[in-house]
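Work through the exercises below with the sequence and the structure side by side, and try each task before reading its solution.

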Amino acid sequence: MTEGTVSFSGDPGDYISGGGSYTYSAGTDRIQVSGSAARGLVDVSISGANGDWWSVSLSAPEGQQLQAKTYEGATRYPFNGANAPGLNHDGNGRGCGTLTGSFTISKINWGPNGYVEALDAVYEQHCEGGEPALRGQVHVKNPAAPAELSLGVGVTLEGQASALNGKATVHGKVTCNKPAQVDVSGLVTQVKRNILIRGPYSATVKCVPGPPVAWSAQADPTGTTPFQGGDVEVKATATAVDTDYQIAVTASDIAAVHLTRVKK
């Protein structure tokens, strides 16, 4: 949960603030801070206990990362272009069509995938090229960044070929450093008497940290020739969503597996 405060005030004639002063504190109000994976943008959103809602965006020029420094010549994000920093404070149904301004970041601590651990910044914006200014301060922090999801997948070197339905059963194990639903998929390939036999497979398992978690799946041959006893190539790919960062994580393995013919 984000901690900290956001406060701002405006000169008489400032369209966004209406010339008023506002202060919001996490705990009483809801404050969220997030960043882009490339670390070039920070968004702060405020949902006031009184029904107010505001957002503040601070952007480095295109291709750059935000860091502790002063950014002059800011224009309205996301229309600031490649050479200028971006800034935008809007909310409560009001926003600038164009703006000019500046901001200073005195502290920014990044975690993985654009996670923002801490942000201290001040900013000033002028709507539509006017003289009245809105001036704000952001002092917020998140809990320490969660670990990134790490996956492992392996293929067991023994499997089964069914004499009843022609399918190949393959097995393996997955590992993870935090709970995740893991989808395992791949392809079984066999060559018998110059005939290429292939079949896809898939399985889903719930992985938890600790001992490897077993998976098992059946591959259905795509043609009319069934899988048979003997050696096959098994490719495996494990995929899961890191729910802390909402990104997909994958791991893969390939192994030569011996299929034992079974009558079931």
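The exercises that follow concern a predicted model, and they treat its nonpolar cores and its disulfides.

**Exercise 1.** Find which residues have the most contacts inside the largest nonpolar core, and which strands supply it.

*Solution.* Begin with the core itself, which has 33 residues, and note that Leu151, Val174, Val182, Val188, Tyr201 and Trp215 have the most contacts inside it. Next, assign the core to strands: β11 (151–155), β13 (168–176), β14 (180–192), β15 (195–207), β16 (213–219), β17 (230–242) and β18 (247–262) each supply at least two of its residues. Then take Trp215 and list its contacts beyond four places away in sequence, among them Val153, Val170, Val174, Val184, Tyr201, Val205 and Ala236. Finally, set apart a second, separate core of 31 residues, which includes Tyr71, Leu87, Leu99 and Phe103.

**Exercise 2.** Determine how many disulfides the structure holds, and which cysteines they join.

*Solution.* The structure holds two disulfides. One joins Cys96 to Cys127, with an S to S distance of 1.8 Å, and it links the loop between β7 (86–91) and β8 (99–110) to strand β9 (residues 116–127), across 31 residues. The other joins Cys176 to Cys207, with an S to S distance of 2.2 Å, and it links strand β13 to strand β15, where the two cysteines are 31 residues apart. Numbered in sequence order, the bonded cysteines therefore pair as 1-2, 3-4.

**Exercise 3.** Establish the handedness of the link between Cys176 and Cys207, and whether these cysteines are buried or exposed.

*Solution.* The torsion about the S-S bond is about -110 degrees, so this disulfide is left-handed. Cys176 and Cys207 are both buried.

Conventions. Residues are numbered from 1 along each chain as its sequence is written. This is a predicted model: local features need pLDDT of at least 70, side-chain atom pairs count only at pLDDT 80 or more; totals for chains, interfaces and linings use all residues. Side-chain values use heavy atoms; hydrogens and water are left out. A nonpolar core is a set of buried Ala, Val, Leu, Ile, Met, Phe, Trp, Tyr and Cys residues joined through side-chain atoms within 4.5 Å. Buried means under 20% relative accessible area, exposed over 50%, partly exposed in between (1.4 Å probe, protein chains only). Helices (H or I, at least four residues) and strands (E, at least two) are DSSP runs, numbered from the N terminus. Contact means heavy atoms within 4.5 Å. A disulfide is a pair of cysteine sulfur atoms within 2.5 Å.
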